[in-house]
Every structure is written in C-alpha cells, then in structure tokens.
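Please walk through the model below, beginning with one chain as a whole, then a helix and a sheet within it, and ending with the contact between chains.

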There are 2 protein chains.
Amino acid sequence: MSVAKPSIHDVATLAEVSKSLVSLALMGSPKVGEESRTKILKAAKTLGYRRNAAARTLSAKRSKTIGVLVLDLHNPVFAEILDGVQIEMRKNGFTTMLVSGGEDPVLEQSDIDTLLQFQIEGLILISHRLATERLALIAAEVPTVVVTRSDIQLPAMDTISNDDVAGTGLAVDYLVKLGHSKIICLSGGENPTSKSRVQGYLRAMERNHLSDAAEVVVGGLSDAAGYAAATQALKMNPTALVVANDLAAMGAIAAIQEAGLVVPDDVSVIGYDGIAIGALKNVNLTTVSQPLAELGTLAATRLVERINNPKEPAKQLKVSAELLVRGTTSEPIKTTGLAN
Amino acid sequence: MSVAKPSIHDVATLAEVSKSLVSLALMGSPKVGEESRTKILKAAKTLGYRRNAAARTLSAKRSKTIGVLVLDLHNPVFAEILDGVQIEMRKNGFTTMLVSGGEDPVLEQSDIDTLLQFQIEGLILISHRLATERLALIAAEVPTVVVTRSDIQLPAMDTISNDDVAGTGLAVDYLVKLGHSKIICLSGGENPTSKSRVQGYLRAMERNHLSDAAEVVVGGLSDAAGYAAATQALKMNPTALVVANDLAAMGAIAAIQEAGLVVPDDVSVIGYDGIAIGALKNVNLTTVSQPLAELGTLAATRLVERINNPKEPAKQLKVSAELLVRGTTSEPIKTTGLAN
DNA sequence: ACCTTTCGTTGGAACGTTCCAACAACTATG
DNA sequence: CATAGTTGTTGGAACGTTCCAACGAAAGGT
C-alpha cells in the first residue's frame, strides 16, 4: 500500500528538473535533451509513476478516448465488430471505453451521458435503439459513427452498415429460386436493424409475387427469442424461415428439430450476420454474412478522421453482405408424402 | 455545434448563485435551499450542462469508476459474468470501464495501465493470463477481484471462482460411471483456468485408476481450437472427450461429426461453463455449469465492500459447479459391432 | 566581437471541479 | 436580550496535468 500516488512533481524533484520538462519527456517530445530524458524516465520508474488521465484530460482539453456503446454483448456479432474497432483505435493512440446498454433503453441514454462526462472525443454506436432525434442531439455534441443501422441518414453522423433490406432480399430470392414459397420471416423485434430486415423480406416477397404468402412472426435477437418465434411460425407449416439474425436462427433450428422436423429437408433456415459459430459443421448455418471486423475497422477509421478534422463531412458507408450457402437450406420436399 | 461546453461557472452566473452552490446542488446535497436548487437545475438544463468527470475525479480524488478486464469478449461466458457485474456496480453508483485484452498478453498489461491511469477505484479481472507476481503488484495498488481463477491465493486479492479441479472431476467421474475408460482431455492452452481443469482431469483419472489411459491434447478456448484439438484426439479412438470449455466443445463436436462419427453414440462430449447456447436443443451440450451471473454479482459486491472499507481482508469465495447432463453423453457402445 | 538562431529548460497560468473554513441571516434557548 | 445553534451560501485553495511565453546557454553567421 503506497502512501500517496507519485505525481509529476515528485518525478521532477527526484530527477532534478522542472515538472514541465517531465511532462514534455513523458509525452515523448523531441525537444528534451537525451540526458534529462533518461534521468526522468529512470526517476519515473523508480517511483512507479503513472500518468493521471483525469488531470491530463482536464488540462489538455482532450481525452484521447472514444466511447463505444453496444446493444448486447451476448451476441458474438458485437465482439467481432469490436475487434476491428479496438485494433484501429489502439493504432491511433486512442483509449476505447466500452459500455453495454443492457436491456433497458433508458439506461442506454444514461450510458451515453456517462461517456460524454468522460470527455470522449468520439462515439461509436453499435446496434442501438436510439430515436433519430436523440441521435441528432448526440451527433451535434460529439463526432458519432453509427454501425449496423441502415435505416438512418443524418448529415452530421457517419453510418457504416450493410444494406439490410438488400441482404434479406438475397435470402428470400435464393429460397424462391430453390422452389420455396411458404417463407416466413421471424423478425428481431422493435429495433431499427430488425425493422429493415423485415422490410427487405416484404419487398423481396412482393418482387417475387409472393406478397400473399408473406408472413412475419415477431421474435427477437436472442436464441431464446428465435426458438419461441419459430415454435409460433411452425403452426403455419412453412417450408422456409428467414430469421432476424444467426443467434435467433440457431434457436429456430432447435425449435424445428424439437417439433420432430428435419432441417433443411422439412424447413430451410437462413440467418443473418455470419457469426463464427455458424460455420461449425454441426451448426452449418446458411446465412447472410456481413464483414464484421471490417465494419468495426471502418467505423474506427472514419471516427478518427472526423476527430482529427471536424469539418470533414459525414459519410454513409455501405459494406456488402453476401449469401453464404451452407447446410440449413435445400429445395423444399415435394408437396405430397411429407416425411412426418 | 455548441461554441464551448458550459461549465459549472456558466450555470452559476445564469442561476445567480456561486459555483460552490451549483456543485453542491448537482451532488444532491441536502443543504441547498429549495429555491436555489430549482433555479440551478433549470439553468443547467437550459445550458445543456454536463458534469466533467475528469475535473471531478481530479478534485474529489476519487473517480467512482471501476475497471473490468476480460480475456475475450467472443466467449459468451464473459458477457454473462459481466451482466452481473454491471448491474451491481450501477446499483452502487459506480461507472464500469471495460477493456478486453485481445490475443496479446502484453496488451493485457497495457490495458490495466490505461485503467489505472483513469484512476479506477477497483479492478475486476475476468479470466486473464497474468502472472502471480504481476497480480500482486496490481493488487497492492488497487482493490482487485479476480473472477474465474481457482489456482491462485494472494492475501490482498479476492478471488471468486468455482473449483475447476473438482468440476472437471465431476465430468470424468460421470463418464467413468457410464462405462467410459478411453477419455481424452482437450485442454484450453496455457491459461491458468485451463491448467486447473487439466489437473482436475488428471486427478480424476488417477482416482478412477485410469492414469494409464489419461491423455491430454493441447487445444484452446475457442470453437476453432476445439475443432482442431478434437481432430487430433480422434486419432486415438477415444469414447469420450472432456473439453476445456463449451465453445471448444462445440468445435469438438463439429470435428467428430465431420469424421463420420455420431455424438454421443460413438464419442461422448462434456464441456465446461454452461453457456446459454449450449442449452439449445440442437446443441444440447452436457457440461459442467457455473452460475455465471452470480460470479459477476459476487465479484462486484466484494469489490464495493473492499473499496468502501480498505482494511476489509480479502476473501476467497467459491461457487459450486454442477454437472448438467444433456444430450452429448451416453454409455459407450459395446466394443464389437461399431455403428460405423 | 556582435547579433541571431537553435536548443533545452523553466515558472506560472489554466482546465473544471470539490472541499473547506468562514460568514450572514435567521431561529431557538436560557 | 444576548448567546448559541442552524440553514444556506460563499470565495478561495487544491487536485495533477498541459500549454505558453520567456529564458540562458551554446552554436552559427557576418
């Protein structure tokens, strides 16, 4: 238990220089003489000195810190996006402060408040539920990049996303090509991303002249929600399910198997996101895959650009999603002679 | 784009009181008069005032912030532990700063440095790889709680964990009871938790007089690592696999199926952790389950206790793990007449 | 030999808060 | 009616840094 944390001042006295020079040396300024530099570094080490970020932020009027808000850490999607963000931010000398909103949307706002109190210089929002007006307010205060939301366009805010409408369309088109027509969509609930995906489903059904057969069952983004929604959907005897995300799709598959049906023979399933676990041979999930790490890297790069050059106009970047056909899709079995 | 962030001073002038009173009011002190309080709150609102955490920390000499370091956000285990931590910390008025070390153990140390620079009042380490001496150093600087590591005992540091040795023993004992003897352990690599689990395996094998049959294949904690390790292990024709964690177990199952074998008929598999996804009917993983959220809550509670009362002695808390028998384990098929 | 530049260094102000001692204006106490 | 206490409020110091203007010393140019 050290008595009191050493300050820059203590280092200065030990190294027999001024505190200003210590500060300079610690920031790696080239103006510091070789001799003093080594003396200072040695003194800092022996004292176990550590910079005080609070004082630094206060004085320098910049925190070299950005905030990240993710909706839900349980979904591996976010971890994969975060990887990209963290790597890029570290490269640029920023600290990343991560908060996860949890279930309550009110907490989400209070989390952002906390981040802003820490004087973050930029904010990355990953798959959140904030309303457009709130977003506008936030973007006016701090450079903001929104990842994973294709529904929104604000002049002061970058967005990095795939086209959820088009992506879901890919899934539906493929199923139709295989011969499916009784295709049910399991939605991800009330968040913007899920809404876009439902819209993509509806549009694609329309374009394939299947509007009458279109059916949306409200679910959620977790495996449990997918399970519940699928149980519901199965009552309508679909031959294929287009599910809000991979996690929910895995839940849906569980429900299908539990009902004594076989995937994909009786029911085909397509997820969305392309999480790593879906590639496992025993899951083998057909999915619309987004380049997740790239999403994160792009977000970070954009944010750093905006921070370093505030008049930089906001951009809307799209990454392309692609259909990854694996084992949970096949042609529907012919109408008569059902397996079960 | 506001011109400059309003400070407590601006609020004071607008509300026609002193900055000290504004500070008091914002902290919710009961000493502030009703009239002034409303005036101040109104002024703060119209100005869009927000506390500056850096200044606050610097002046008050406490940050009301704790740091959490997790090994790997990809594993849902950590999200579930984190849930518990976050909820408890919010209850106690602390902000949680989360960093994830990523692959590189050197980064892990630098992440802790960053946290300490932010003047965190406490630190929770979830499944990390730090050496005992480093831990001792850290624990001397800041109240520290280590979650998910049963191998270590330091006087100045709380640990919350299940007994990995005993837990893995549960798995082995059950397999032996089912009639297995060719049981291979897929280790999780060089981290302390994994080492304890391997030790548990070895001890249990010994206790069941199967030391000669004991075999450890080095793997890792990801699904991919489990897949690779299982591929290796299958060459030795095991009838059961005890795997380092659930994620790796899922990878192992993929490898088994890919080899044309059936789980559990040909090979039984037991994981460790009890992640939510393992309960899905199509995964249905037998596992040694720990109460994850409880682990998090306990850690947070202990940390707050230690922060509020620094002379509080450190404790070593154990939660109990239990074997969750699901669908990936069965009796071994009889020696002759293999299914495949 | 002088002036100018460069190099390394310095003290002090500033950042936005909290905390403390002090105070005025009341209210209660004997 | 004086004294003591209470309530609400205040200015100033402090927290540990960064930044700036200014400095002496050494080096370079004429």
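In this predicted model, chain A contains 12 helices and 12 strands. Its radius of gyration is 26 Å, whereas the globule rule gives 20 Å for 340 residues; the value is well over the rule, so chain A is more spread out than a compact globule. The box filled by the C-alpha atoms of chain A, taken along the principal axes, is roughly 90 × 40 × 35 Å. Of the 340 residues in chain A, 52% are buried. Among contacts in chain A with a separation of 6 or more, 69% join residues that are 24 or more positions apart.

One helix to look at is H4 of chain A, residues 53–60. Its buried residues are Ala53(A), Ala54(A), Arg56(A) and Thr57(A). Viewed down the axis of H4(A), these buried residues fall within an arc of 165°, so they line one face of the helix. Part of what covers them comes from the other chain: H4 and H6 of chain B are included in the cover. Just after H4(A), the chain reaches Lys61(A), which takes a positive phi of about 55°.

Next comes a sheet. In chain A, 6 strands form an open sheet with mixed pairing, in the order E7-E6-E8-E9-E10-E12. Its edge strands are E7 (215–218) and E12 (322–324) of chain A, each of which pairs on one side only. On average, and with direction ignored, neighbouring strands of this sheet are turned by 25° against each other. At the E12 edge, strand E10 (residues 286–289) of chain A pairs with E12(A) in the antiparallel sense over 3 bridges. Within this pair, Val288(A) has Leu323(A) of E12(A) as its bridge partner. Helix H10 of chain A, residues 223–234, packs on the sheet and touches strands E6 (183–187), E7 and E8 (240–243) of chain A. The direction of H10(A) makes about 150° with that of E6(A).

The last topic is the contact between the chains. Here 39 residues of chain B are in contact with 39 residues of chain A. On the chain B side, the elements that give two or more residues are helices H4 (53–60), H5 (76–91), H6 (105–117) and H11 (246–258), together with strand E2 (95–100). H11(B) provides the largest share of that side, 6 residues. By residue type, the side of chain B that touches chain A divides into 20 nonpolar, 13 polar and 6 charged residues. Two of the chain B helices listed here, H4 and H6, also appear in the cover over the buried residues of H4(A).

Notes:
Residues numbered from 1 in each chain as written. Chains lettered and ligands numbered in written order. Predicted model: local features only at pLDDT ≥ 70, side-chain atom pairs only at ≥ 80, totals over all residues. Contact = placed C-beta atoms within 7 Å. Helix = DSSP H or I, 4+ residues; strand = E, 2+ residues; numbered from the N terminus. Nonpolar A, V, L, I, M, F, W, Y, C, P; charged D, E, K, R; others polar. Rg over C-alpha atoms; globule rule 2.2 N^0.38 Å. Buried ≥ 20, exposed ≤ 12 C-beta atoms within 10 Å, placed from the backbone. Arc of directions from axis to C-beta. Pairing = 2+ DSSP bridges. Axes fitted to C-alpha atoms, helices over the stretch in contact; angles between N-to-C directions.
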